[in-house]
Amino acid sequence: MSIVTLQLGQCGNQIGFEVFDALFSDSHCPQRLCSKRENEAYQASCKERFFSEEENGVPIARAVLVDMEPKVINQTLLKAAQSGRWKYGQHSGFCQKQGSGNNWAYGYSVHGPRHEEPILNLIQKEAEKCDSLSGFFIIMSMAGGTGSGLGAFVTQNLQDQYSSSLKMNQIIWPYGTGEVIVQNYNSILTLSHLYRSSDALLVHENDAVHKICAKLMNIKHISFSDINQVLAHQLGSVFQPTYSAEGSFHYRRNPLGDLMENLVPHPEFKMLGVRNIPQMSENSLAYSTFTWAGLLKHLRQMLISNAKMEEGIDWQVRPPLSGLPTLGKTSLNKELHFNTSIANLLILRGKDVHSADLGGFKDPALYTSWLAPDNAFNVWKTQRAFSKYEKSAALVSNSQFLVKPLDVIVGKAWNMFASKAYIHQYTKFGIEEEDFLDSFTLLEQVVASYRNL
Amino acid sequence: MQAQQSRYRRGDWTVGTAGSGARSWEEDSASCMGRRRRRVDRADAGGALPEAIAALSRTLPAGPSPEIFRRAKFDLPEAAPALWRLLFCLLSQLRTNGASVSLVPEAQARWVKSALRSQGYPRRGLAQLPEDGSRGSRELLLALSWLLARGPLLELLLAQTHVWLGDEMLVCECKTLASPSLPAARVEAEGCVDIRRLQWLMGKLRFRWRKLMASQQEQCSLLGKIHSYTRGCHSDHRLGHLSVTETELLRDPEAGRQLLRRLQSENARLEAALEWRCRELVFWQWMDTVLGACPPESSWPAFLPRIPERGADELELVAGELQALQEELRAAAEARRAAWVSRVGGLGPEWSATQQATQEAVGQELTALRQAWERGGGRAQPHGPHRLVPSSRAGSGGALGAAEQALRRHACGLSTAAAGPRPTSRGGRARPGRGPGGPPWCCRPRTGATCA
């Protein structure tokens, strides 16, 4: 089944390009560590999901590019076409002559309705090219102007038009010390609108990815392209094909659906985070060997201590003793900074994948009291290695990892709102104070629900 | 050899003489045949019965040997487990359409008892049998032949295991009658359940539903692709294209061999079924003697299922409520109608003329629809699966296609008339616009095109 990607705004388009590039490079990677036949099945599965066929053989990404300025889209289209390996469709892009000046309300109330028809037409054309549509993957930033406001509008529209298709929004959490003054307003508006109309929100924090680039990849001058490549690597390790069942060698038909069924069936808990291990520069890769035991131990501790990479993990954080009543557990967790999970999805790729011991992730202490590890923990596997890593593991988790950052953003936005700072920029274009209040209420509810796990 | 003087009549369950010890097939069948067909050769009579039973066994899934049947007549305990298994197999296949469930033999026996009771099996002796399979083979044999005699059991079973070569789709929309389903593992709720867990499970169900819909859509589009790619390949010109099974046959020789094996085994069962039909009279005559060999049932009337007291009261309550609701609805409808008539009655004669004209027009539309449907033979669709064959693009899809198109035109017209004018303006607050409602397979609101 196919996934149609929607690249919104500068952020979405740049990341989207890296994602397709990573997927393509991995599926055509020479070191496969598996048989030829299996590799062909892997390639076919990846191709069907993300690319469509063209007469002269160059695959076309199943994507729609939207931006209010032409610059980034043209750059993206050019970069893809120049590579010669894959490209975007000729008419898959939609752009206008001027931007929206980082004004969320303008993006939502003006750009959205004005350009609704052509954008949805493009999406429909792309959806019709698929034999079967699994769902939409929408890449956007949370705090920007065009990407955020327009993204919220488009996602709402998709919910009306394609109510039975799945929707996952990949959102970029802004830097804590971002340059845009109103980024907190934008963030809460985006989040609250998406929470209502999207099925899952996959969050990447700029700060975290930045640190990965600095510490693990040893990049001196970190550019956006480096950050996006790390991000794309993480997404690729989640969405590339995996076996459909334990012991099967057929690839999963509907990864988006399976992921959502396992992780976000509850309407109040939709925030997902990705961690993967190992992540390092190519030079270091040649000198490293890994064991599943070591990788999984680190990954588990990363989850528990809410670390985003395998360096600098706080090994003091431990799961609380079981047998405590639920109330006691919550307060104890808060003291220990223990990150409780609701559900986890572990994706293992590479050599000897069936021998990996998963006991550490099945510990009930990791999870909330109302969901047992049988329901809460799932694992996907494939023997085919990912992108030159002999063994790699990715963990998609629905956990408390965003409670603090979200609380911080809501707090800052509320302080600004209390003094009515910059509100006129929004009310000018139809976003009233009630909309702000609705957003605050919803997000406070989300924070409270996650806190009370 | 004239044996018992049983005055057994078919349908009379209370008469019988006591059975005697174990006898061979020859003696047994000769005794039952002797009264009726004296001219039949004895040796021949001895062989016909085991052959008939063997044919029956080959037709049934998990059919036991004729020896088991013979022992069952004399109520020998070693025949009981095989017959319990056979009954479970037959009844569960009918219920769950071939899905297999593994249960311990005691659970199987319990389930067989409840299934037979729900079907109306009249003999009380079955319910009193122990579930460990230590005895009761004669009673089980009687139950088996009751099932066989009652309805087209063999035909149903054979239909379920039929090897389909085409791509089939079910047309029938009948709801299957409720019946005792197979027992599932019971999960006891531990005290109070966290509501978040329930919400989680509900959400999972919803996602599975959506995944299922997506899979069905995928299956449809892939089927369409296979059918269009293999156009002109089939030797049967009416079909014109290959099905999935047939395509797989061509691609993979191993699949072809497996298919051949399945067809051969189905053929063997069908031949056995035909043989059984030819020979079954002998079996039924023998079953008469089995019934005769049973001790008479202690009391009459027949065994009725016990309705618990509490349930009967609740049923009456519900029936009363339903009646009250119906009365309410009738009263409300009357009031509405009266109000409307009084409002409309004052509008003058031309309104009543319009009203009459509208009613006539609606009546005409309905008759036209009905005629189109009947012309297309829509109502005469039999139940069961039908082989999928795509209609030709030229649109000459025959009577059914024409009827379908006429229906769509009518429905489109009616829905656009009912929807009213589209909302044209957008207010200050930006909200995504919504198109007019209507059947999703009909007009597409976005393009505004009417369906052809």
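Which residue in β11(A) does Leu345(A) stand opposite? Leu345(A) faces Asn378(A) there. I'll start from that pair and work outward. One caution before I do: this is a predicted model.

Leu345(A) belongs to strand β10, residues 341–350 of chain A. On one count, β10(A) is joined to strand β11, residues 377–382, by six bridges, and the two run parallel. On another, nine bridges join β10(A) to strand β12, residues 391–399, and that pair runs antiparallel. An example from the second pairing is Ala343(A), whose bridge partner in β12(A) is Asn398(A).

Is β10(A) enclosed or open? Ten of its ten residues are buried, so the strand is largely enclosed by the rest of the structure.

Now follow β12(A) across to β9(A), residues 271–277. Five bridges join β9(A) to β12(A), and these strands run antiparallel. Arg275(A) stands opposite Leu395(A) in that pairing. β9(A) also pairs with strand β8, residues 200–205, in the parallel sense over three bridges. There, Val203(A) stands opposite Gly273(A).

β9(A) has seven of its seven residues buried, so this strand too is largely enclosed by the rest of the structure. In a regular strand the side chains alternate between the two faces of the sheet. For β9(A), both faces are covered. Met271(A), Gly273(A), Arg275(A) and Ile277(A) are buried on one side, and Leu272(A), Val274(A) and Asn276(A) are buried on the other.

Next, the end of that strand. The peptide bond from Ile277(A) to Pro278(A) is cis, with omega near -5°. Pro278(A) is found in the loop between β9 and α11, the latter being residues 282–285.

Lys308(A) is worth a stop here. Lys308(A) sits in the loop between α12, residues 292–304, and α13, residues 326–336. Lys308(A) and Ile277(A) are 31 residues apart along the chain, and their C-alpha atoms are separated by 9.8 Å. What does Lys308(A) contact, leaving aside its neighbours within four places in sequence? The list is Glu205(A), Ala208(A), Ile212(A), Arg275(A), Met302(A) and Phe401(A). Arg275(A) we have already met, as the residue opposite Leu395(A). With 22% relative accessibility, Lys308(A) counts as partly exposed, because the buried class is under 20%.

Two backbone oddities in chain A come next. Most residues other than glycine have a negative phi, and most peptide bonds are trans. Asp352(A) has a positive phi, near 55°. Asp352(A) lies in the loop between β10 and α14, residues 373–376, and at 46% relative accessibility counts as partly exposed. Tyr422(A) also has a positive phi, near 65°. Tyr422(A) lies in the loop between α15, residues 403–418, and α16, residues 424–427. At 34% relative accessibility, Tyr422(A) counts as partly exposed.

Stepping back to chain A as a whole. Chain A has 17 helices and twelve strands. The C-alpha trace spans about 65 × 60 × 45 Å along its principal axes. Why might one call chain A a compact globule? For 453 residues, a compact globule would have a radius of gyration near 22 Å, and chain A has 21 Å, which agrees. Of those 453 residues, 62% are buried. Among contacts between residues at least 6 apart in sequence, 80% join residues at least 24 apart. Chain A exposes about 17500 Å², with carbon and sulfur atoms supplying 51% of it. As for charge, the mean positions of the 41 positive and 43 negative charges are 5 Å apart.

Finally, chain B. Chain B has 13 helices and two strands. Its 452 residues are 29% buried. Of the contacts in chain B with a separation of 6 or more, 71% come from residues 24 or more positions apart. The accessible surface comes to about 30100 Å², and 57% of it belongs to carbon and sulfur atoms.

One local feature from chain B to end on. In helix α3, residues 66–73, the buried residues include Ile68(B), Phe69(B), Arg70(B), Ala72(B) and Lys73(B). After α3(B) comes Asp75(B), whose phi is positive, near 55°.

Notes: Residues are numbered from 1 along each chain as its sequence is written. Chains are lettered from A and ligands numbered from 1 in the order in which they are written. This is a predicted model: local features need pLDDT of at least 70, side-chain atom pairs count only at pLDDT 80 or more; totals for chains, interfaces and linings use all residues. Side-chain values use heavy atoms; hydrogens and water are left out. Buried means under 20% relative accessible area, exposed over 50%, partly exposed in between (1.4 Å probe, protein chains only). Helices (H or I, at least four residues) and strands (E, at least two) are DSSP runs, numbered from the N terminus. Two strands pair if DSSP finds at least two bridges between them. The radius of gyration is taken over C-alpha atoms; the globule rule is 2.2 Å times the number of residues to the power 0.38. Contact means heavy atoms within 4.5 Å. Accessible areas come from the Shrake-Rupley method with a 1.4 Å probe; for residues, only the protein chains shown count as cover. Lys and Arg count as positive and Asp and Glu as negative; His and the chain ends are not counted. The place of a charge is taken as NZ of Lys, CZ of Arg, CG of Asp or CD of Glu.
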